[in-house]
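Thanks, everyone. Let me put the model up, and then I'll walk through the fold, two residues and a pocket.

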Amino acid sequence: MCTYSTEKLALAKSSGKGPDGWFPLETATVYYDHPVHAPDEHTVNIDFLNPDRGPGARVAVELSLDSARELLAALAVTVERAAHH
């Protein structure tokens with residue numbers, strides 16, 4: 001595996017939904033690497049995890065660079081709007 005850039009952060013008051021339903025999320029790892037499933041050669045990958053609950057407590061996302069940019073912009077807009085409520 002040749003991860004080019006990795007950012008890891010702790011998550012507070014966050015949840016994810018996996019095959020067994022909803023579970024609290026503890027960490028997120030964002031990295032640029034070869035995808036497992038997406039058709040691009042490299043993708044921006046996000047793993048949302050709760051390590052205390054084992055490997056099944058994971059939500060994995062693989063995004064093209066264009067999709068990652070669009071998601072980043074949408075998050076910025078939504079967070080800014082939410083700050084005013």
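One helix and four strands: that is the secondary structure of this chain. Keep in mind that this is a predicted model. Along the sequence, the pattern reads β-β-β-β-α. The chain has 85 residues, and buried ones make up 25% of them. The C-alpha atoms fill a box of roughly 40 × 30 × 20 Å along the principal axes. Now contacts. Take the pairs at least 6 apart in sequence; 32% of those contacts join residues at least 24 apart.

On to the sheet. What is the strand order? It runs S1-S2-S3-S4, in an open sheet of four strands with antiparallel pairing. Which strands sit at the edges? S1 and S4, the latter covering 58-63, and each of these pairs on one side only. From one strand to the next, the twist averages 20°. As general background, strands of a sheet pair through backbone hydrogen bonds, parallel or antiparallel.

Look at the first pair up close. S1 spans residues 5-18 and S2 spans residues 21-33. They run antiparallel, with eleven bridges between them. Together S1 and S2 make a hairpin, and two residues separate the strands. Here are two bridges to click on. Ser-15 has Pro-24 in S2 as its bridge partner. Lys-8 is partnered by Thr-29, also in S2.

Stay on Thr-29, a residue of strand S2. Is Thr-29 buried or exposed? It counts as buried, because its relative accessibility is 12% and the cut-off for buried is under 20%. What does Thr-29 touch, beyond its neighbours within four places in sequence? Its contacts are Thr-6, Glu-7, Lys-8, Asn-45, Ile-46, Asp-47 and Leu-49. So the bridge partner Lys-8 turns up in that contact list as well.

Next, a loop residue. His-42 sits in the loop between S2 and S3. His-42 is at 15% relative accessibility, so it counts as buried too. Which residues does His-42 touch, leaving out those up to four places away in sequence? Tyr-4, Tyr-32, Asp-33, His-34 and Pro-35. Of these, Tyr-32 and Asp-33 fall within the residue range of S2.

Now the helix. H1 lies across S2, S3 and S4. Its direction is at about 115° to S4.

Last stop, the largest pocket. The idea behind the search is simple: rolling a probe the size of a water molecule over the atoms shows where empty space is left. How big is the largest pocket? Its volume is about 280 Å³. Two elements give two or more residues to its lining: strand S3, at 43-49, and helix H1, at 65-83. H1 gives the most, with four residues.

Which residues line the largest pocket? Val-30, Val-44, Ile-46, Phe-48 and Leu-63 are among them. Ala-68, Leu-71, Leu-72 and Leu-75 belong to the lining too. What is the chemistry of the lining? It divides into nine nonpolar residues, no polar and no charged. One link back: Ile-46 is in this lining, and Ile-46 is also a contact of Thr-29.

To recap. An antiparallel sheet of four strands, with H1 across S2, S3 and S4. A pocket of about 280 Å³, with a lining that has no polar and no charged residues. Over to you.

Note on methods. Residues are numbered from 1 along each chain as its sequence is written. This is a predicted model: local features need pLDDT of at least 70, side-chain atom pairs count only at pLDDT 80 or more; totals for chains, interfaces and linings use all residues. Side-chain values use heavy atoms; hydrogens and water are left out. On a 1 Å grid over the protein atoms alone, a cavity is a set of points where a 1.4 Å probe fits but cannot get out, and a pocket is an open set with protein on both sides within 12 Å along at least five of seven lines; lining residues have an atom within 4 Å of a point. Grid points are joined across faces, edges and corners, and a volume is the space filled by probe spheres set on the points. Ala, Val, Leu, Ile, Met, Phe, Trp, Tyr, Cys and Pro count as nonpolar, Asp, Glu, Lys and Arg as charged, and the others, Gly among them, as polar. Two strands pair if DSSP finds at least two bridges between them. Buried means under 20% relative accessible area, exposed over 50%, partly exposed in between (1.4 Å probe, protein chains only). Contact means heavy atoms within 4.5 Å. Axes are lines fitted to C-alpha atoms, for helices over the stretch in contact, and angles run from 0 to 180 degrees between N-to-C directions.
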